[in-house]
Amino acid sequence: MKNVSMITEFVLLGLSSDPQIQTMLFVLFLGIYLLTLVGNLVMILVIRVDPRLHTPMYFFLGHLSFLDLSFSSVTVPKMLQNFLSQKKSISVWGCITQSFFCLLCGCAEASLLSAMAYDRYAAICHPLLYTMVMNRPLCMVMVSAAWGIGVLNSLVNNLFIHKLHFCGSNIIFHFCCELPSLFPLSCTDPTANKFLLSGSSAFLGLLTLPLILFSYSRIISAILNIRSSEGQAKAFSTCSSHLTVVLLFYGTALFRYISPASGSVLERMVSIQYSVITSLLNPLIYSLKNQEVKAALQRMLKQQKCASWYNKSCVILLRK
């Protein structure tokens, strides 16, 4: 990399310079990361094992859990290492690689949430045609498009960063490498890269946000037309989990990548929200508010008990 040979590594300042606070932050984020791993792996396992969850909604949810698992694994392990290290450095190649996967996971998750919004629209507004509309080929195309958009967007932005020269300060006022944090460190003019990132982020928003707004406008209209309050509550419960995830992830991610970098505490808090906290909350939101997931977890636990007990009475337990 001739363009960045003047600097061989960057320094990530992280969230605090106080050693005692860093120790507490290490314990906190280690716990968050372990819970994120367990929660998302359990969701993937339950969806894969239970035949009753082999539906379009849980097909998307399985990919969402994998994305959350990947997103958190891109940023948190290096952050944990820096909490315990005095030299909080990362190589230039490592920094660019981390920014690549951060942008890939973020774009893919935004696209996937848009596909899930359409799935909820089809389930609530066209329940009789749901299995025909959301068939497996369409689900595969939508998931493949989400991954493709993520890879393409990240690849284009990270290829053009190689045109920048990093020869001045190597200090990043952040806990991970994201493209907006790298631009202020460039000795050459990064205006074109900023416009490319803002433009691609805005394009992603214009590509996915209208589908989300259309889907939920029709969903809300359909729910209001239901006469019974019980029916309205049941219909809303089928999409409330997804709506909560959209609000948690979508606004903060777009704000981070469209607004100019300032190195402020707010920026770091916003990044923690969509790259760490959302990945932790997603499996909790979908499991705590979803009766089908709860039932699948209970069935899986009963099967494990039967496998360990080797007792014929477990057949009765499973039938219940």
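Okay, residues 195–214 to start: that span is 100% helix and 0% strand, and its end C-alpha atoms lie 28 Å apart. Keep in mind as I go that this is a predicted model. UniProt, in an unreviewed entry, lists 195–214 as a "transmembrane region", along with 20–46, 58–76, 96–118 and 138–156.

Let's stay in that stretch for a moment and pick out one residue. Ser 200 sits in helix H7, which covers residues 191–224. Is Ser 200 buried or exposed? It's buried, because its relative accessible area is 15%, and the cut-off for buried is under 20%. As for who it touches, leaving aside residues up to four places away in sequence, Ser 200 contacts Asn 153 and Asn 157.

Now back to the front of the chain, and the UniProt span 20–46. Again we get 100% helix and 0% strand, with the end C-alpha atoms 39 Å apart. The helix there is H1, residues 19–49. So how far should its 31 residues span? At 1.5 Å a residue you'd expect 45 Å, and the end C-alpha atoms are 44 Å apart, so the two agree. H1 has a good list of buried residues, among them Gln 22, Phe 26, Phe 29, Tyr 33, Thr 36, Asn 40 and Ile 47.

Hang on to Phe 29, since it brings us to the aromatics. The model has 7 aromatic pairs. One of them is Phe 29 with Phe 83, a tilted pair at 6.1 Å centre to centre and 35 degrees between the planes. That pair ties together distant parts of the chain: Phe 29 is in H1, Phe 83 is in helix H2 (residues 56–83), and they're 54 residues apart. Both partners are tucked away: Phe 29 is buried at 4% relative accessible area, and Phe 83 is buried at 7%.

Then there's Phe 100 with Phe 101, which is edge-to-face, 5.1 Å centre to centre and 90 degrees between the planes. Here Phe 100 counts as buried at 18% relative accessibility, while Phe 101, at 37%, counts as partly exposed. And if you're looking for a cluster, Tyr 118, Tyr 121 and Phe 214 make one.

Okay, packing. The largest nonpolar core has 69 residues, and the ones touching the most other members are Phe 10, Phe 60, Leu 112, Phe 166, Ile 172 and Leu 182. Which helix gives the most to this core? That's H3, residues 92–125, with 19 residues. There's also a second, separate core of 14 residues, including Val 76, Phe 175, Val 276 and Leu 280.

Let me zoom out to finish. The protein chain has 11 helices and 3 strands. Reading from the N terminus, the order goes β-α-α-β-α-α-α-β-α-α-α-α-α-α. Of its 320 residues, 47% count as buried. If you take contacts between residues at least 6 apart in sequence, 78% of them join residues at least 24 apart. Phe 29 with Phe 83, at 54 residues apart, is a link between distant parts of the chain. And for the outside, the accessible surface comes to about 16200 Å², with 69% of it belonging to carbon and sulfur atoms.

Key:
Residues numbered from 1 in each chain as written. Predicted model: local features only at pLDDT ≥ 70, side-chain atom pairs only at ≥ 80, totals over all residues. Heavy atoms only, no water. UniProt positions renumbered as here; feature names shortened; annotations may be inferred. Helix = DSSP H or I, 4+ residues; strand = E, 2+ residues; numbered from the N terminus. Buried < 20%, exposed > 50% of the residue type's maximum accessible area, 1.4 Å probe, protein only. Contact = heavy atoms within 4.5 Å. Areas by Shrake-Rupley, 256 points an atom, 1.4 Å probe, with all protein chains shown as cover. Expected span 1.5 Å × (residues − 1). Core = buried A, V, L, I, M, F, W, Y, C linked by side-chain atoms within 4.5 Å. Phe/Tyr/Trp six-rings, centres within 6.5 Å; stacked < 30°, edge-to-face > 60°.
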